[in-house]
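This report describes the surface, the fold, the strand pairing and the principal pocket of a single protein chain. The sequence and the structure are shown first.

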Amino acid sequence: MKKIILASAIALVSATPAFAASGNTSSANGTATATIVEPIVLTHTPGAALGFGRFTTGTGGSITVSAAGVGTVGGDVAFVPGSTNAADAFGVTGDAGRAFSISTASGIVTDPVSSTTMSFTTTPSAVAGTLTGGSATFTVGGTLTVLGSEPAGAYTGSYNATVTYN
């Protein structure tokens, strides 16, 4: 009988699960957050265009239009009387107070009759901005390269402008 009681006691002790010592583990709940911001949106101002004006080519040169819309000529290029220049314009909307960067690419204008092209570079009025009240604007000037061999005509083209949250 003693053997049965002893065997039962041993079986009971070995079948009891082991408990971790007090203070060996602890747990707590954490928190998580997420914030969705307004997407940044770039829009071209209706009716605006980078206008290099009306000019004669001579033996070639360049036309530079500042981001304020002021045109100057270089080389043998000359503006004709009544010519006007203009900077292009864009609007930006998005998350109020956020900073963003601005980049613009070069472009080409083409005469649709002769398919002749002239290239230009662009210069934004700023390379960065802040969305004050959720909006901002900027302008774009540029420099048109005139070889001097281009035929008369109405040249049109485009370029790309990009804004990116910082």
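The chain exposes about 10,500 Å², and carbon and sulfur atoms supply 59% of that area. The coordinates belong to a predicted model. Of the 166 residues in the chain, 24% are buried.

**Fold and contacts**

The chain contains 1 helix and 13 strands. Read from the N terminus, the order of elements is α-β-β-β-β-β-β-β-β-β-β-β-β-β. Among contacts between residues at least 6 apart in sequence, 71% join residues at least 24 apart.

**Pairing of strand 7**

Which strands pair with strand 7? Strand 7 (residues 99-104) pairs with strand 10 (residues 128-130) and also with strand 13 (residues 161-165). The table sets out the two pairings, each with one residue pair.

| Strands paired | Sense | Bridges | Residue pair |
|---|---|---|---|
| Strand 7 and strand 10 | antiparallel | 3 bridges | A99 and T130 |
| Strand 7 and strand 13 | antiparallel | 5 bridges | T104 and A161 |

In the pairing with strand 10, A99 has T130 as its bridge partner. In the pairing with strand 13, T104 stands opposite A161.

**A residue with positive phi**

Most residues other than glycine have a negative phi. S115 has a phi near 65°, a positive value in a residue other than glycine. Where in the chain does S115 lie? Its place is the loop between strand 8 (107-110) and strand 9. Is S115 buried or exposed? S115 counts as exposed because its relative accessibility is 53%, and the cut-off for that class is over 50%.

**The largest pocket**

Rolling a probe the size of a water molecule over the atoms shows where empty space is left. The largest pocket has a volume of about 600 Å³. Its lining comprises 29 residues, and F52, G53, F55, A154 and Y155 are those that lie nearest the centre of the pocket. The elements that give two or more residues to this lining are strand 6 (88-93), strand 9 (117-124) and strand 12 (156-158). Strand 12 provides the largest share, 3 residues. What is the make-up of the lining by class? The lining of the largest pocket has 16 nonpolar, 10 polar and 3 charged residues.

Strand 9 thus appears in two of these descriptions: the loop that holds S115 lies between strand 8 and strand 9, and strand 9 is one of the elements that give two or more residues to the lining of the largest pocket.

Note on methods. Residues numbered from 1 in each chain as written. Predicted model: local features only at pLDDT ≥ 70, side-chain atom pairs only at ≥ 80, totals over all residues. Heavy atoms only, no water. 1 Å grid on protein atoms, 1.4 Å probe; cavity = no way out; pocket = protein on both sides within 12 Å on 5 of 7 lines; lining within 4 Å. Points joined across faces, edges and corners; volume = space filled by probe spheres on them. Helix = DSSP H or I, 4+ residues; strand = E, 2+ residues; numbered from the N terminus. Nonpolar A, V, L, I, M, F, W, Y, C, P; charged D, E, K, R; others polar. Pairing = 2+ DSSP bridges. Buried < 20%, exposed > 50% of the residue type's maximum accessible area, 1.4 Å probe, protein only. Contact = heavy atoms within 4.5 Å. Areas by Shrake-Rupley, 256 points an atom, 1.4 Å probe, with all protein chains shown as cover.
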